[in-house]
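User: I have this one open in the viewer and would like to go through it with you. Could we start with how you name the elements, and then move on to the loops and helices?

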Amino acid sequence: MTRSVLLAHCLLFAGMTGGHAFEPSSPSDISRFERLNNKRLPNAYRLTDRVISGGQPDGEAAFAALTALGVKTIISVDGARPDVAAAKKFGLRYVHLPHGYDGIPAARLHELAKAVRDLPGPIYIHCHHGKHRSPAAAAAACACIGTLTSTQAQDVLKAAGTSPNYRGLYDSVRAAKPLAPRTLNELEVEFHETEEIPPLADAMVTIERHHDHLKSISAAGWATPSDHPDLDPPHEALLLAEQFTELLRTGAVMTQPAEFVNLLRAGEAAALDLQATLRAQPLDALRCTVAFARISANCQACHQKFRDVPLDEKHPLKAGGR
């Protein structure tokens, strides 16, 4: 590939904060990145003419937006089950290649690279929010097939706002090197629309979804959001509490460190407190905010301790990070 073609593949990223343009570490290597400002596709960026990274497409409008971009294949690196039925309505193929926040295993990275190289494009790679796992997967895969340099791939994470706390993701992108074509040619992969997710990881995905719903409810003044009329605030808090309760009943959780179990119990207590406060009249918005802050802080503490550690460190809940 000529230098001019490689430069043409990389389009300008707007900065994630304040609207300032992101300055790549080597301006001579990158012409410009492009942030795709589409409200249906959160945190969407075009890395090359073939690869777009972003958040989970939610609803038919999001899949229509992907179709408008010419996307042919969607790759999910998230733990949640992809909405295959909705994608098929728009003639889009789904491939499920999940990985955790702790990094991208070499075998999974090779599968991603083969998918990006060989499947019909353009390709949209997504995780949940589109800020951490999907930029890492997209950048590392592009580095493996030679459409981004190592420097460019690392700059993608900075531009996308990938948290430096996810050291495993940064390490995976930093270590991604061009693979010999023969390596990918000989790699036998059966790409699936969905992959089985361990029960603990599946529960964590559901907890994250309810937390996102409560975040929207909080932004609406602890009322049902106008853009999500199906959400009932007290019921949403109860559903979150039930997820913690059910997890605490499983044998798999009981084999985990005591600190993890205690964090689950604290999350359950905070969610029940929020649920009771939301049902009380008159509504105490401040107490709701305090209870939700406890839930969020608890989740963050759990992630930092048990989900986000790099691959080369002890990770008792590695399966739960998928």
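Analyst: Helices are DSSP runs of H or I with at least four residues, strands are E runs of at least two, and both are numbered from the N terminus. With those names, P122 has its place in the loop between α4 (106-118) and β6, and please keep in mind that the whole model is predicted.

User: Fine, and how many helices and strands does the protein have?

Analyst: There are 13 helices and six strands in the protein. Of its 322 residues, 50% are buried, and the accessible surface comes to about 14,700 Å², with carbon and sulfur atoms contributing 53% of that.

User: What share of the contacts is between residues 24 or more positions apart?

Analyst: If one takes the contacts with a separation of 6 or more, 66% of them are between residues 24 or more positions apart.

User: Back to P122, then. What joins G121 and P122?

Analyst: The two are joined by a cis peptide bond, with omega at about 0°. A second cis peptide bond is the one between Q281 and P282, where omega is again about 0°, and P282 sits in the loop between α12 (258-279) and α13 (285-307). For context, most peptide bonds are trans.

User: And L119, where is that found?

Analyst: L119 is found in the loop between α4 and β6. With a relative accessible area of 8%, L119 lies under the 20% cut-off and therefore counts as buried.

User: Which residues does L119 touch, leaving out those up to four places away?

Analyst: L119 touches R50, T73, R93, V95, K114 and F191 once those sequence neighbours are set aside. For T73, which is 46 residues away along the chain, the C-alpha atom is separated from that of L119 by 7.1 Å.

User: Switching to backbone angles: what is phi of N43, and what is phi of W222?

Analyst: Phi of N43 is near 55°, a positive value in a residue that is not a glycine, and W222, also not a glycine, has a positive phi of about 65°. Most residues other than glycine have a negative phi.

User: Are they buried or exposed?

Analyst: N43, in the loop between β1 (34-36) and β2 (44-46), is buried at a relative accessible area of 16%. W222, in the loop between α9 (199-219) and α10 (233-249), is buried as well, at 6%.

User: Now α2. Which of its residues are buried?

Analyst: In α2, which covers residues 60-68, the buried residues are A62, F63, A65 and L66. Viewed down the helix axis they fall within an arc of 155°, so they line one face of α2.

User: What covers them?

Analyst: The cover includes β4 (73-76), α3 (84-89), β5 (93-96) and β6 (123-126). As for the end of the helix, α2 is followed by G70, which has a positive phi near 85°.

User: What about α6, which residues are buried there?

Analyst: In α6, residues 150-160, the buried ones are Q152, A153, D155, V156, L157, A159 and A160. Just after α6 comes G161, with a positive phi of about 85°.

User: Next, at what angle do α5 and α7 pack?

Analyst: Helix α5 (133-145) and helix α7 (167-175) pack at an angle of about 10°, and their axes are 9 Å apart. Since angles under 35 degrees count as roughly parallel, α5 and α7 are roughly parallel to each other.

User: Which residues make that contact?

Analyst: On the α5 side they are R133, A136, A139 and A140, and on the α7 side L169, S172 and V173. By class, the residues of this contact divide into five nonpolar, one polar and one charged.

User: One last spot: where does L179 lie?

Analyst: L179 lies in the loop between α7 and α8 (181-185), and its relative accessibility of 21% makes it partly exposed. Its C-alpha atom is separated by 6.2 Å from that of I145, which is 34 residues away along the chain. Apart from neighbours within four places in sequence, L179 is in contact with H110, A113, C144 and L184.

Terms used
Residues are numbered from 1 along each chain as its sequence is written. This is a predicted model: local features need pLDDT of at least 70, side-chain atom pairs count only at pLDDT 80 or more; totals for chains, interfaces and linings use all residues. Side-chain values use heavy atoms; hydrogens and water are left out. Buried means under 20% relative accessible area, exposed over 50%, partly exposed in between (1.4 Å probe, protein chains only). Contact means heavy atoms within 4.5 Å. Accessible areas come from the Shrake-Rupley method with a 1.4 Å probe; for residues, only the protein chains shown count as cover. The arc is that of the directions from the helix axis to the C-beta atoms. Axes are lines fitted to C-alpha atoms, for helices over the stretch in contact, and angles run from 0 to 180 degrees between N-to-C directions. Angles under 35 degrees count as roughly parallel, over 145 as roughly antiparallel, 65 to 115 as roughly perpendicular and the rest as oblique. Ala, Val, Leu, Ile, Met, Phe, Trp, Tyr, Cys and Pro count as nonpolar, Asp, Glu, Lys and Arg as charged, and the others, Gly among them, as polar.
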